[in-house]
Amino acid sequence: MKGVLDRFEDNEKAVILVEDKQKEILIDKNLLPKGSEVDTCFDITAKDGKYQLEIDKECTKHQAEKISERLGKLRQQRSDSKFRKK
């Protein structure tokens, strides 16, 4: 299954969203693969009630591109606004 690191809670737990199962997985932050950060994609396998995570580099790259594109659109909308900050 696939998941995306959504956020950290209490700076100790990682919240991973698993869209196809419509659920959240909470795991200890120290069990994440090295280099994990918010919006990192994972391939997740469940074994004996525990989760094993592996970073999906292609999906993570795609996530970063989508976020960058959205931020660019927001910046463009802001610069096109008729209202100006004072």
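Arg78 counts as exposed because its relative accessibility is 59%, where exposed means over 50% relative accessible area, buried under 20% and partly exposed in between, with a 1.4 Å probe and protein chains only. Arg78 belongs to helix α1; helices here are DSSP runs of H or I with at least four residues, strands are runs of E with at least two, and both are numbered from the N terminus. From Arg78 to Met1 the C-alpha atoms are 38 Å apart, with the two positions 77 residues apart in sequence terms.

A word on the model before going further. It is a predicted model, in which local features need pLDDT of at least 70 and side-chain atom pairs count only at pLDDT 80 or more, while totals for chains, interfaces and linings use all residues. Residues are numbered from 1 along each chain as its sequence is written, and side-chain values use heavy atoms, with hydrogens and water left out.

Two loop residues make a nice pair to look at together. Both Asp10 and Gln22 have a positive phi without being glycine.

| Residue | Phi | Loop | Relative accessible area |
|---|---|---|---|
| Asp10 | about 55 degrees | between β1 and β2 | 70%, exposed |
| Gln22 | about 50 degrees | between β2 and β3 | 74%, exposed |

Asp10 also lies 25 Å from Thr45, C-alpha to C-alpha, and the two are 35 residues apart along the chain.

Now to the interior. The largest nonpolar core has 10 residues: Leu5, Ala14, Ile16, Val18, Ile25, Ile27, Leu32, Phe42, Ile44 and Leu53. Such a core is a set of buried Ala, Val, Leu, Ile, Met, Phe, Trp, Tyr and Cys residues joined through side-chain atoms within 4.5 Å. Strands β2 (13-18), β3 (23-28) and β4 (41-47) are the elements that each give two or more residues to this core, and β2 has the largest share with three. In soluble globular proteins, nonpolar side chains tend to be buried together.

Gly3, in strand β1, counts as buried because its relative accessibility is 3%. Its C-alpha is 5.7 Å from that of Cys41, although the two are 38 residues apart in sequence.

Gly3 also helps to line the largest pocket, along with Lys2, Val4, Asp6, Leu17, Glu19, Asp20, Asp39, Gln63, Lys66, Ile67 and Arg70. Here β1 (2-9) and α1 (57-79) are the elements that give two or more residues to the lining. By class, the lining has three nonpolar, two polar and seven charged residues. The volume of this pocket is about 280 Å³. On a 1 Å grid over the protein atoms alone, a pocket is an open set of points where a 1.4 Å probe fits, with protein on both sides within 12 Å along at least five of seven lines, and lining residues have an atom within 4 Å of a point.

Finally, the rings. The charged end of Lys29 sits over the ring of Phe8, 4.9 Å from its centre; this needs NZ of Lys or CZ of Arg within 6 Å of the ring centre and within 35 degrees of the ring normal.

Methods
Points joined across faces, edges and corners; volume = space filled by probe spheres on them. Nonpolar A, V, L, I, M, F, W, Y, C, P; charged D, E, K, R; others polar.
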